[in-house]
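Here are my comments on the model you sent, set out as numbered points. Please read them with the structure open beside you.

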Amino acid sequence: MSTLKIAVQKSGRLSEDSLSLLKGCNINLPKGKNKLIAPSTNFPAEVLYLRDDDIPQYVEDGIADIGILGLNVVKEKKHDVQIDKYLGFSRCRLSLAVPRNIEYQGISFFDGKKIATSYPKLTNEYLKKNGVQAEIHEISGSVEIAPGIGLADGICDLVSTGGTLMSNGLKEVDVILKSEAVLISNPKLSPDKQALLNKVLFRVESSLKANHYKYILLNAPNEKVKTIVDILPGMKSPTVLPLAEAGWSSIHSVVKEDDFWNVIDQLKSYGAQGILVVPIEKMIL
Ligand code: ATP
Ligand code: ZN
């Protein structure tokens, strides 16, 4: 019987969401991350806690079968791994930034300049594609202080809110890559392991879909049921049940989170009452 070895970041921005993703897939793990490897208590899997930078290499070598990490690291490392799923968390951008007082007029600003980054390959590729010749200084951390101490004219680094850039007197001028967490796998998994991976992917998809939808229940006067049903598409069609009180019905449906407030406003205007909105844990279509 095979065991699927899953690499996740030991501690950092990806750790918590990676572990809750596994938990949402009903892959339970023992508490505490002091060990390098932890066997799941209810699924044929083992979790390896690693630095995110090491995950692509481990997956390529087959030490781990699959891994969860940022697309930015996958693209920078260029190991032979397969991207199976975009996971929607740890969203960020790999961006070029320059001191705030620079009048930036385009990428040609970087011609002949020095750029500090932990992402030399992606930065170089982007500059090359744009016909810009710049000098890359690879540094492994605190890239954002490089311009301030005279080490570089600009940086290429991960940005999410832009707060770190701002507090270092920098501004974002160009996005090189939009990133989020992804699930990668070794392209040459045995059929047994591939079957386990398929199981995991199916569960991941059900959880991700569920995150985007809400279950909604409401009461409405019977003469408004048709109008309300028309604005609540549901998975097949909404469920309508009579209430104990004559002339009223209960309507149940599934609503996309993006449309949510829109739909609620319309429902209220049609006389809906007692509206309940409930999170959906899994969605199997
Ligand atoms: P490790 O010790 O595992 O190497 P690290 O310092 O490289 O950790 P973190 O800062 O925890 O890593 O970031 C891990 C990943 O989180 C990044 O590679 C990126 O995909 C994602 N991320 C999301 N937002 C940001 C951000 N604002 N800054 C840095 N990383 C971010
Ligand atoms: Zn790292």
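1. Which strands does helix H6 (residues 191-211) lie across? In this predicted model, helix H6 lies across E1, E4, E5 and strand E11 (181-185), and the helix runs at about 25 degrees to E5.

2. The strands just named belong to an open sheet of 6 strands with mixed pairing, in which the order is E2-E3-E1-E4-E11-E5. Strand E2 (37-39) and strand E5 (82-86) form the edges, and because each has a single partner strand, one side of each is left without a neighbour in the sheet. On average, and with direction ignored, neighbouring strands of this sheet are turned by 25 degrees against each other.

3. Within this sheet, strand E1 (residues 4-9) pairs with strand E3 (residues 45-50) in the parallel sense, over 6 bridges, and Ala7 has Leu48 in E3 as its bridge partner. Helix H1 (residues 15-24) also packs on the sheet, where it touches E1, E3 and strand E4 (66-70), and the direction of H1 makes about 150 degrees with that of E1.

4. As for the metal site, the zinc ion (ligand 2) is coordinated by Asp52 (OD) and Asp53 (OD), at 1.9 to 2.1 Å. The arrangement of the 4 donor atoms around this zinc ion is irregular, because they subtend angles of 73 to 174 degrees.

5. The two coordinating residues deserve a separate look. Asp52 counts as buried because its relative accessibility is 16%, under the 20% cut-off, whereas Asp53, with a relative accessible area of 27%, is partly exposed.

Key: Residues numbered from 1 in each chain as written. Chains lettered and ligands numbered in written order. Predicted model: local features only at pLDDT ≥ 70, side-chain atom pairs only at ≥ 80, totals over all residues. Heavy atoms only, no water. Donors = N, O, S within 2.8 Å, 3.2 Å for Na, K, Ca; no water. Tetrahedral: all angles 85-135°; square planar, octahedral: opposite > 155°, others 65-115°. Buried < 20%, exposed > 50% of the residue type's maximum accessible area, 1.4 Å probe, protein only. Pairing = 2+ DSSP bridges. Helix = DSSP H or I, 4+ residues; strand = E, 2+ residues; numbered from the N terminus. Axes fitted to C-alpha atoms, helices over the stretch in contact; angles between N-to-C directions. Contact = heavy atoms within 4.5 Å.
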